[in-house]
Amino acid sequence: MESEGNREVDLGNFSISLGVKDMEKSMDFYQKFGFEVIDGGHQNEEYADTETEKWRILRNGKAVIGLFQGMFDVNILTFNPTDLRPIQASLKEQSVEFDYEADMETSGPCSASLKDPDGNVILLDQHY
């Protein structure tokens with residue numbers, strides 16, 4: 001029997017964001033698994049690479065990995081829900097604590113971040 005705390009939540013697409021030390025070495029490694037670059041600071045003028053910060057998004061089928069050099073030191077589990085605010089409200093009702101929260105008084109793009117019991121960072125990032 002399903003308990004009330006185990007109801008399905010539509011978290012949207014999933015990716016993992018990895019803090020990497022050497023972008024070229026990391027890209028070479030993951031491309032051996034069939035991952036292809038679909039976005040990154042080398043082709044995105046709004047969020048262009050700098051001398052110290054670089055990023056690439058790789059995809060292989062439904063699997064998506066973000067590689068981030070010089071941007072953060074931890075790995076991040078990222079979910080892209082269509083509507084983050086009700087998910088955040090539900091988690092808060094279940095006493096889940098957030099590091100930062102989406103503004104519940106607005107609509108459209110937003111994000112929230114929290115940590116699991118082991119300190120792994122979870123980013124809930126609504127794009128639209």
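This report walks through the overall build of one protein chain, then visits a glutamine and two nonpolar cores.

**The chain as a whole**

Please keep in mind that the model is predicted. The chain holds 2 helices and 7 strands. Starting at the N terminus, these elements follow one another in the order β-α-β-β-β-β-α-β-β. To get a feel for the dimensions, picture a box of roughly 45 × 35 × 25 Å along the principal axes, which the C-alpha atoms fill.

Of the 128 residues in the chain, 33% are buried. The accessible surface comes to about 8800 Å², and carbon and sulfur atoms account for 49% of that surface. Contacts also tell us about the fold: among those between residues at least 6 apart in sequence, 49% join residues at least 24 apart. As for charges, the chain has 11 positive and 25 negative ones, and the mean positions of these two groups are 6 Å apart.

**A visit to glutamine 69**

Now look for glutamine 69 in strand E4, which covers residues 63–69. Is glutamine 69 buried or exposed? Its relative accessibility is 17%, and buried means under 20%, so glutamine 69 counts as buried. The side chain of glutamine 69 reaches the backbone nitrogen of methionine 23 at 2.6 Å. Leaving aside neighbours within four places in sequence, glutamine 69 is in contact with Val20, Lys21, Asp22 and Met23, and also with Thr52, Glu53 and Lys54.

**Two nonpolar cores**

In soluble globular proteins, nonpolar side chains tend to be buried together. Which residues form the largest nonpolar core here? There are 9 of them: Phe79, Leu84, Phe98, Ala102, Cys110, Ala112, Leu114, Ile122 and Leu124. Two strands each supply at least two residues of this core, namely E6 and E7. The largest share, 3 residues, comes from E6.

Leucine 114 is one of the residues of this core. Setting aside neighbours within four places in sequence, leucine 114 is in contact with Val96, Glu97, Phe98 and Asp99, as well as Asn120, Val121, Ile122 and Leu124. Apart from the largest core lies another one of 8 residues, including Met23, Met27, Leu58 and Ile65. Met23 is also the residue whose backbone nitrogen is reached by the side chain of glutamine 69.

The table below collects the strands named in this report.

| Strand | Residues |
|---|---|
| E4 | 63–69 |
| E6 | 110–115 |
| E7 | 121–126 |

Key. Residues are numbered from 1 along each chain as its sequence is written. This is a predicted model: local features need pLDDT of at least 70, side-chain atom pairs count only at pLDDT 80 or more; totals for chains, interfaces and linings use all residues. Side-chain values use heavy atoms; hydrogens and water are left out. Helices (H or I, at least four residues) and strands (E, at least two) are DSSP runs, numbered from the N terminus. Buried means under 20% relative accessible area, exposed over 50%, partly exposed in between (1.4 Å probe, protein chains only). Contact means heavy atoms within 4.5 Å. Accessible areas come from the Shrake-Rupley method with a 1.4 Å probe; for residues, only the protein chains shown count as cover. Lys and Arg count as positive and Asp and Glu as negative; His and the chain ends are not counted. The place of a charge is taken as NZ of Lys, CZ of Arg, CG of Asp or CD of Glu. A polar contact is a pair of N or O atoms within 3.5 Å; within protein, one must be able to donate a hydrogen and the other to accept it, and residues adjacent in sequence count only if both atoms are side-chain atoms. A nonpolar core is a set of buried Ala, Val, Leu, Ile, Met, Phe, Trp, Tyr and Cys residues joined through side-chain atoms within 4.5 Å.
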